[in-house]
Amino acid sequence: MKKVIAIIGSGMMGSALAFPAAENGHEVRLVGTHLDRDIIDECRRSNKHPKFDRAFPVGVKYYQIEEYREAVAGADFVIGGVSSFGVDWFLNEILVNLDPRLPVLSVTKGLINLEDGTLISYPDYWRSELKKRGVDREVCAVGGPCTSYELVFHDQTEVAFCGRDTVSLRLFKETLSTSYYHVSLTHDVIGLESAVALKNAYALAVAMTIGLVNRHH
């Protein structure tokens with residue numbers, strides 16, 4: 001059955017997820033943040049994201065941030081497409097205003113360092129901050145070695161969706177899985193998000209090692 005997906009944040013990964021969603025026949029509403037105004041203008045003009053030399057599939061509509069309420073009205077779920085720098089913005093401007101029953105899948109990867117030095121996942125951070133405001137909500141997240149370019153250009157890639165809400169996880173997988181975008185499900189949020197953070201550290205270490213070796217040759 002056709003679904004309606006609102007993606008809030010038109011950065012590269014949020015926008016890339018519009019491709020499998022729309023190619024599966026769903027309606028995608030891509031919403032730019034306050035920092036994405038030029039991106040949405042370009043999408044409306046050319047039907048292309050400025051970073052991707054490929055047109056969006058049929059079924060993608062574009063919204064500026066002032067129109068986000070229109071974009072989420074009637075949506076089956078929301079994808080949070082902000083980077084780690086936008087975590088608090090997404091909390092204060094979007095999550096507190098969404099119906100708590102509306103499922104949310106976040107592309108923001110890794111862990112957040114609290115003032116006392118504790119490392120927690122972004123879904124757990126959002127959950128605890130929302131509870132302080134009387135909102136009971138679960139947020140699911142994407143983890144895996146998938147880049148936006150791989151997604152847009154249909155390279156074979158494998159990711160996992162994590163969260164405590166099994167029904168929502170199955171909805172996300174059913175809606176977004178394709179012949180090139182392979183999705184596994186897990187309840188181990190901290191395990192997956194820790195692995196994502198470690199992957200980045202290992203990648204940086206390998207790159208530095210290669211640089212040192214090349215310098216000495």
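How many aromatic pairs does a search of the whole structure find? Keep that in mind while we look around; the answer comes at the last stop.

**Stop 1: the whole chain.** You're looking at a predicted model. Switch to a cartoon view and colour by secondary structure: the protein chain has nine helices and 10 strands. If you show contacts, take the ones with a separation of 6 or more; 68% of those in the protein chain link residues 24 or more positions apart.

**Stop 2: the surface.** Turn the surface on. The protein chain shows about 10,800 Å² of accessible surface, and carbon and sulfur atoms own 55% of that. Of the 217 residues in the chain, 49% are buried.

**Stop 3: the cysteines.** Hide the surface and select Cys 43, Cys 140 and Cys 162 as sticks. Don't go hunting for a disulfide, as the structure holds zero of them. Why is Cys 162 not bonded to Cys 140? The closest cysteine sulfur to that of Cys 162 is the one in Cys 140, but it sits 7.2 Å away, which is too far for a bond. A disulfide needs the two sulfurs within 2.5 Å.

While you're here, is Cys 162 buried or exposed? Its relative accessibility is 0%, so Cys 162 counts as buried. Cys 43 has 1% relative accessibility, so Cys 43 is buried as well.

**Stop 4: the aromatics.** Now select Phe 19, Phe 52, Phe 56, Tyr 62 and Tyr 149, and show their side chains: these residues form one aromatic cluster. And back to the opening question: searching the whole structure turns up eight aromatic pairs.

Technical notes: Residues are numbered from 1 along each chain as its sequence is written. This is a predicted model: local features need pLDDT of at least 70, side-chain atom pairs count only at pLDDT 80 or more; totals for chains, interfaces and linings use all residues. Side-chain values use heavy atoms; hydrogens and water are left out. Helices (H or I, at least four residues) and strands (E, at least two) are DSSP runs, numbered from the N terminus. Buried means under 20% relative accessible area, exposed over 50%, partly exposed in between (1.4 Å probe, protein chains only). Contact means heavy atoms within 4.5 Å. Accessible areas come from the Shrake-Rupley method with a 1.4 Å probe; for residues, only the protein chains shown count as cover. Rings of Phe, Tyr and Trp (its six-membered ring) pair if their centres lie within 6.5 Å; planes under 30 degrees apart count as stacked, over 60 as edge-to-face and the rest as tilted.
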